[in-house]
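Subject: Structure for you to look at

Hello,

I am passing on the structure below. My notes on it follow.

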Amino acid sequence: MNSPKFTTPSDHAYQLLGAHPPGQGWFAFDVLMPAAKRGRARLFVMAVWKTGIRKDIKTGEYWYRVPSTGSAGTSENKRTALWNGIKIAQEFELPKVAVLKDPKSKRCSMEHTFDITDVRYESDASAFWIKLKANGGKLGEAVELLDLTVLSELPQRGKLPKLSSRNAPWSRDELILALDLYMQHRESLPTKKAPEIAELSALLNQLGIILGRRHTDTYRNSEGVYMKLMNFRRLDPEYTYDGKKGLTRGNSDEVRVWALFAHDPRRLSEVAIFIRNGISEASGKDTKISYSEELEIEEAEEGKVATRVHRYRERDRRLVDTAKARALREHGRLFCTVCGFDFSKHYGEVGSGIIDVHHTKPIHTMQPGEKTKVADLVVLCSNCHRIIHSKRPWLTVDEIKSAIKIRTSVQ
Ligand SMILES: [Zn+2]
Ligand SMILES: [Zn+2]
């Protein structure tokens, strides 16, 4: 598989496609924005990142999700701008084109341009889904395969929802907590005023503050929590088999969380406990991860809080020092457990003492209050560490070791 080559500077790529240079923006028209708003544009171009492209298992179609809000503060304006840009392009029925862009180098691959042939939206204004028709090279295997048939239910035309005052879409950890509550009360769901609903609402608000997503007073209120349980009912075969139907609205993360956990209530409740602990661990601490890190790190199966807790612990000075000291005691030098890379050997004096620490224990298996054990820490070079976190679920040390072995035995 050839991976795309990103050689064209972003502004130049847009010009080649017939649009204005967008600078730091994520889209452009062939005229400036004020003119586009008045209906003068003839073309819409936007950038897509490979990590966001999904392929439908059933139809083979490529889809790309454009969320209306994200957890990264600095990009919020760009998201809102893109949302409005797509709205204008839809309103005036403009031809829409996408180009593959590498978020790191900010360059584009002209081998990978797409026609946007369909735009659908989640009716709670949480995201647009755009359908991509590839005009060039293959995207390779890094594209995630998902069952996206649920997208066909989403509205395509009609009045697009307004962005402001809307709440951020539910994150995986929130959905896991809600599904846990749903499964506990599957037979007879609590009413809107029930204490269980109020408890979860309060917890989710705490989480919203940690993740910087709580912007409205209605954020995850009892009404919202109750509606989410109803959304799960829509997916529940025990409920839908006799023709009853739950709410039809819902998003694809719900489907994914359902598929992962609904058949395994024990694991579900372990993960839910872990997330609850993560929320209390993260409260009042700066567990933020940067936007570029967010692009590189696949979110843990257990959601955003688990991802942050993992990174936070890996950077804990005390743990890092202990793990390094242990490696030095055992081997006399620091090198990557997976590939053997030794920073001080390669870079000399300036590389001495440089190594990443990775926590190998699957986070959801940790008991409430359990501390990270030094025995569960491994030292890794930054490349191997990056690879581990680049897939969901995160890879194990053994998986990377054997990936390297297979590569080298083929050559
Ligand atoms: Zn390595
Ligand atoms: Zn790690």
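Strand S6 (residues 96–101) is a reasonable place to start. Five of its six residues are buried, so S6 is largely enclosed by the rest of the structure. Please keep in mind that this is a predicted model.

S6 has two pairing partners. With strand S3 (residues 44–48) it pairs in the parallel sense, over five bridges; there, Met46 has Ala98 of S6 as its bridge partner. With strand S7 (residues 107–121) the pairing is antiparallel, again over five bridges, and Lys101 is matched to Cys108 of S7. Five residues separate the strands in the hairpin of S6 and S7, where Lys106 has a positive phi near 65°.

On confidence, the chain has a mean pLDDT of 83, and 85% of its residues reach 70 or more. By element, the highest mean belongs to strand S2 (residues 27–29), at 96, and the lowest to helix H10 (residues 291–296), at 58. Please read H10 with that value in mind.

Helix H4 (residues 172–184) has 13 residues, which at 1.5 Å a residue should span 18 Å; the C-alpha atoms at its ends are 18 Å apart, so the two agree. H4 is mostly covered, with 11 of the 13 residues buried. The buried residues include charged positions such as Arg172, Asp173, Glu174 and Asp180, alongside Leu175, Ile176, Leu177 and others.

H4 also takes part in the largest nonpolar core. That core has 45 residues, and those touching the most other members are Ile176, Ala178, Leu179, Ile275, Val305 and Val379. At least two residues each come from H4, helix H5 (195–210), helix H6 (222–235), helix H8 (252–261), helix H9 (265–282), helix H11 (304–314), strand S11 (377–380) and helix H14 (382–388). Where does this core lie with respect to domain 2 (172–282) and domain 3 (315–410)? Both domains give residues to it, so the core lies between them.

Ile275 shows the local contacts. Leaving out residues up to four places away in sequence, Ile275 touches Asp173, Ile176 and Leu177 on one stretch of the chain, and Glu302, Gly303, Val305 and Ala306 on another. A separate core, apart from the largest one, contains 37 residues, among them Phe6, Phe44, Phe114 and Leu148.

As general background, nonpolar side chains in soluble globular proteins tend to be buried together.

Regards

Note on methods. Residues are numbered from 1 along each chain as its sequence is written. Chains are lettered from A and ligands numbered from 1 in the order in which they are written. This is a predicted model: local features need pLDDT of at least 70, side-chain atom pairs count only at pLDDT 80 or more; totals for chains, interfaces and linings use all residues. Helices (H or I, at least four residues) and strands (E, at least two) are DSSP runs, numbered from the N terminus. The expected span of a helix is 1.5 Å times one less than its number of residues. A residue is buried if 20 or more other C-beta atoms lie within 10 Å of its own, exposed if 12 or fewer, and partly exposed in between; C-beta atoms are placed from the backbone. Two strands pair if DSSP finds at least two bridges between them. pLDDT is the predictor's confidence in each residue, from 0 to 100. A nonpolar core is a set of buried Ala, Val, Leu, Ile, Met, Phe, Trp, Tyr and Cys residues joined through C-beta atoms within 7 Å. Domain bounds come from an automatic or database domain assignment. Two residues are in contact if their C-beta atoms, placed from the backbone, lie within 7 Å.
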